[in-house]
Amino acid sequence: MSDRLSHVDEQGRARMVDVSAKGETRRSAVAEGRVRMSPRTAALIREHGITKGDVLTVAKIAGIMAAKQTSSLIPMCHPLMLTDVRVELETTDDAVEIRGTVSTVGKTGVEMEALTAVSTAALTIYDMCKAVDKAMVLDGIRLVSKEGGKSDWTPRPNQGNDETERPGSSE
């Protein structure tokens, strides 16, 4: 893997990467995160007791919508035709666990779209519940895996942010 940043030109200026010569391949990415909260807030979510409405449904829709708008939010991201966006939410005793899975067939990956889906779902949960719990914490938002392009990627077991690359088709 090159240490050179792809979004910086030879003079160190920001640029969008030219992907016109790349071939289209199936690409997918999975991201995860959580919103930590008081047990009372988690119970209110489970019991549909939040006055703004059904927190999990609204957060799921927000995550899906955000993934589709990633290139409008992140300056160097290419607009992509997404073929699938899934946002899964699970309430535990003191958190909502979030998992976003995004797929496309295209010339560039969907890591940012998966991360945007998870981040926006988390922000939506915070927004809908802040009246009862301003101390909530968005936590652990990270890429879990990506497939397609030049390489597939998953973190090494028990090594945090270190990475494992496996050859694939073209990035």
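## Exercises on salt bridges, a surface patch and cysteines

Asp-139 is partly exposed, its relative accessible area being 27%. The exercises below concern a predicted model.

**Exercise 1.** Determine with which residue Asp-139 forms a salt bridge, and state where the two partners lie.

*Solution.*
Step 1. The partner of Asp-139 is Arg-34, and the closest N and O atoms of this salt bridge are 3.4 Å apart.
Step 2. Asp-139 belongs to strand 4 and Arg-34 to strand 1, so that the pair links distant parts of the chain, 105 residues apart.
Step 3. Arg-34 has a relative accessible area of 23% and is partly exposed.

**Exercise 2.** Describe the salt bridge between Arg-34 and Glu-97, and identify the network to which these residues belong.

*Solution.*
Step 1. The side chains of Arg-34 and Glu-97 meet at 3.4 Å, N to O.
Step 2. Arg-34 is located in strand 1 (residues 25-36) and Glu-97 in strand 3 (residues 95-106); the pair therefore ties together parts that are 63 residues apart in sequence.
Step 3. Glu-97 is partly exposed, with 29% relative accessible area.
Step 4. A network of salt bridges links Arg-34, Arg-36, Glu-97 and Asp-139.

**Exercise 3.** State how many salt bridges the whole structure contains, and examine the one between Asp-127 and Lys-130.

*Solution.*
Step 1. A search of the whole structure yields eight salt bridges.
Step 2. In the salt bridge of Asp-127 with Lys-130, the closest N and O atoms are 2.5 Å apart.
Step 3. This separation satisfies the criterion, because a salt bridge requires the nitrogen and oxygen to be within 4 Å.
Step 4. Asp-127 is partly exposed at 33%, and Lys-130 is partly exposed at 32% relative accessibility.

**Exercise 4.** Identify the residues that form a nonpolar patch on the surface, and place Ile-141 within the chain.

*Solution.*
Step 1. The patch consists of Leu-123, Leu-138 and Ile-141, which together have about 230 Å² of accessible area.
Step 2. Ile-141 lies in strand 4 (residues 137-147).
Step 3. The relative accessibility of Ile-141 is 33%, and this residue counts as partly exposed.
Step 4. Ile-141 meets the accessibility condition for a patch, because that condition is over 30% relative accessible area.

**Exercise 5.** Classify Cys-77 and Cys-129 as buried or exposed, and state how many disulfides the structure holds.

*Solution.*
Step 1. A residue is buried when its relative accessible area is under 20%.
Step 2. Cys-77, at 12%, therefore counts as buried.
Step 3. Cys-129 is also buried, at 0%.
Step 4. A disulfide is a covalent bond between the sulfur atoms of two cysteines.
Step 5. The structure holds zero disulfides.

Methods:
Residues are numbered from 1 along each chain as its sequence is written. This is a predicted model: local features need pLDDT of at least 70, side-chain atom pairs count only at pLDDT 80 or more; totals for chains, interfaces and linings use all residues. Side-chain values use heavy atoms; hydrogens and water are left out. A disulfide is a pair of cysteine sulfur atoms within 2.5 Å. Buried means under 20% relative accessible area, exposed over 50%, partly exposed in between (1.4 Å probe, protein chains only). Patches are made of residues with over 30% relative accessible area and no salt bridge: like charges are joined within 9 Å, nonpolar side chains (Val, Leu, Ile, Met, Phe, Trp, Tyr) within 5 Å. Accessible areas come from the Shrake-Rupley method with a 1.4 Å probe; for residues, only the protein chains shown count as cover. Helices (H or I, at least four residues) and strands (E, at least two) are DSSP runs, numbered from the N terminus.
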